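Work through these exercises with the sequence and the model open. Try each task before you read its solution.

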Amino acid sequence: GGQRSRAVSVSSDGWAKQKERTMMKGATRRLQKQVGRSARARWPAGASSSSGDRLRRGDFGGTTTTTRARRAPSTAVRTSTGESASAATPTTSSAFLDEMAAFLETDLQHLFDDKGIDASIYADDVNFEDPITKYSSIQGYLANIQMLRYLFTPEFILHKIYAVNDRTLETRWTMRMNMRILPWQPDLTFTGTSQYEFDLATRKVTRHSDTWD
């Protein structure tokens, strides 16, 4: 009985890891649609294609480089007023949103480090969407973060957090990435916003949507 339970446990773990790897590969293919052609056009003469082949295969092996997210020293402040990047007029934050804003301000510092974010505040079926990826589960959400961490060694800089309505927070951020999987390791910088929509009954994030400037 005990041996069978352990076998089932190992099998389940293996299935979960395989599912996560499949999701990461799918995300990589979508990333290639954004950067693939331009990257190949700029490929230096005589450059080795081994790293490019790894990207095309979705090979995430090797040592993970840990990059801590950080707050911008002068502007990383939580606020419930001000202008949203999406032109929405933020409303006065509720006590709950104040609490969640303070939580996210701390938690997002661990977005790409070994500790990672606290997944307990996200619904199991949380919907995530950015300009090139979309997931509808916490497994996909976390796999996307790990995919970015492996491929780009990102640095996440939080500028501010504010409420846009009675159940939604918006963050403004900068993300700097190094595409270390390519031989010449180009640097990329994104600025944008993230909206976190909460279910007030469960106090969990049910939707996270990113926009890029």
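**Exercise 1. Strand partners**

Task: Find which residue E129 stands opposite in β4. Then describe how β3 pairs with β4 and with β8 in this predicted model.

Solution:
- Step 1. Start at E129, whose opposite residue in β4 is K134.
- Step 2. Look at the strands around this pair. Strand β4 covers residues 134–135, and 2 bridges tie β3 to β4. These two strands run antiparallel.
- Step 3. Follow the connection. The hairpin from β3 to β4 passes through 4 residues.
- Step 4. Turn to the other partner. Strand β3 (residues 122–129) is joined to β8 by 4 bridges, and here the strands run parallel.
- Step 5. Pick an example from that pairing: N127 lies opposite R207 in β8.

**Exercise 2. The overall plan**

Task: How many helices and strands does the protein chain have, and in what order do they run?

Solution:
- Step 1. Count the elements. There are 4 helices and 8 strands.
- Step 2. Read from the N terminus. The order is α-α-β-β-α-β-β-α-β-β-β-β.
- Step 3. Check how residues meet. Take the contacts with a separation of 6 or more: 64% of them join residues 24 or more positions apart.
- Step 4. Look at the cover. The protein chain has 213 residues, and 42% of them count as buried.
- Step 5. Look at the outside. About 11,500 Å² is exposed, with 49% of it supplied by carbon and sulfur atoms.

**Exercise 3. Salt bridges**

Task: How many salt bridges are there? Trace three pairs, those of R203, R176 and D213.

Solution:
- Step 1. Recall the principle. Side chains of opposite charge can pair when their charged atoms come close.
- Step 2. Apply the cut-off. A side-chain nitrogen of Lys or Arg must be within 4 Å of a carboxyl oxygen of Asp or Glu. The count comes to 6 salt bridges.
- Step 3. Take R203 and E99. Their closest N and O atoms are 2.9 Å apart. R203 sits in the loop between β7 and β8, while E99 is in helix α3, 104 residues apart. R203 is partly exposed at 38% relative accessible area. E99 is partly exposed too, at 40%.
- Step 4. Take R176 and E155. Here the closest N and O atoms are 3.8 Å apart. R176 belongs to strand β6 and E155 to strand β5, 21 residues apart. R176 is partly exposed, with 39% relative accessibility.
- Step 5. Take D213 and R172. The closest N and O atoms lie 3.0 Å apart. This pair links the segment after β8 with strand β6, 41 residues apart. D213 counts as exposed, at 64% relative accessibility.

**Exercise 4. The nonpolar core**

Task: Which elements supply the largest nonpolar core, and what does F198 contact?

Solution:
- Step 1. Recall the tendency. In soluble globular proteins, nonpolar side chains tend to be buried together.
- Step 2. Size up the core. The largest one has 35 residues. Those with the most contacts inside it include L104, Y122, F156 and F198.
- Step 3. List the sources. At least two residues each come from α3, β3, α4, β5, β6 and β7. The largest share, 7 residues, is from α4.
- Step 4. Focus on F198. Beyond four places in sequence, its contacts include F96, L97, M100, L104 and L169. R203 is also among the contacts of F198.

**Exercise 5. Buried or exposed?**

Task: Is T171 buried or exposed?

Solution:
- Step 1. Locate T171: it is in strand β6.
- Step 2. Use the cut-off. Buried means under 20% relative accessible area. T171 has 0% relative accessibility, so it counts as buried.
- Step 3. See its surroundings. Beyond four places in sequence, T171 touches L108, L158, K160, I161, G192, T193, S194 and Y196.

**Exercise 6. Confidence**

Task: Where is the confidence of the model lowest, and where is it highest?

Solution:
- Step 1. Start with the average. The mean pLDDT is 73, and 56% of the residues score at least 70.
- Step 2. Compare elements. Strand β2 (residues 77–78) is lowest, with a mean of 41, and β3 is highest, at 98.
- Step 3. Mark the weak stretches. Residues 34–68 stay under 50. Residues 73–93 stay under 50 as well.

Methods: Residues numbered from 1 in each chain as written. Predicted model: local features only at pLDDT ≥ 70, side-chain atom pairs only at ≥ 80, totals over all residues. Heavy atoms only, no water. Buried < 20%, exposed > 50% of the residue type's maximum accessible area, 1.4 Å probe, protein only. Contact = heavy atoms within 4.5 Å. Areas by Shrake-Rupley, 256 points an atom, 1.4 Å probe, with all protein chains shown as cover. Pairing = 2+ DSSP bridges. Core = buried A, V, L, I, M, F, W, Y, C linked by side-chain atoms within 4.5 Å. pLDDT = per-residue confidence, 0-100.
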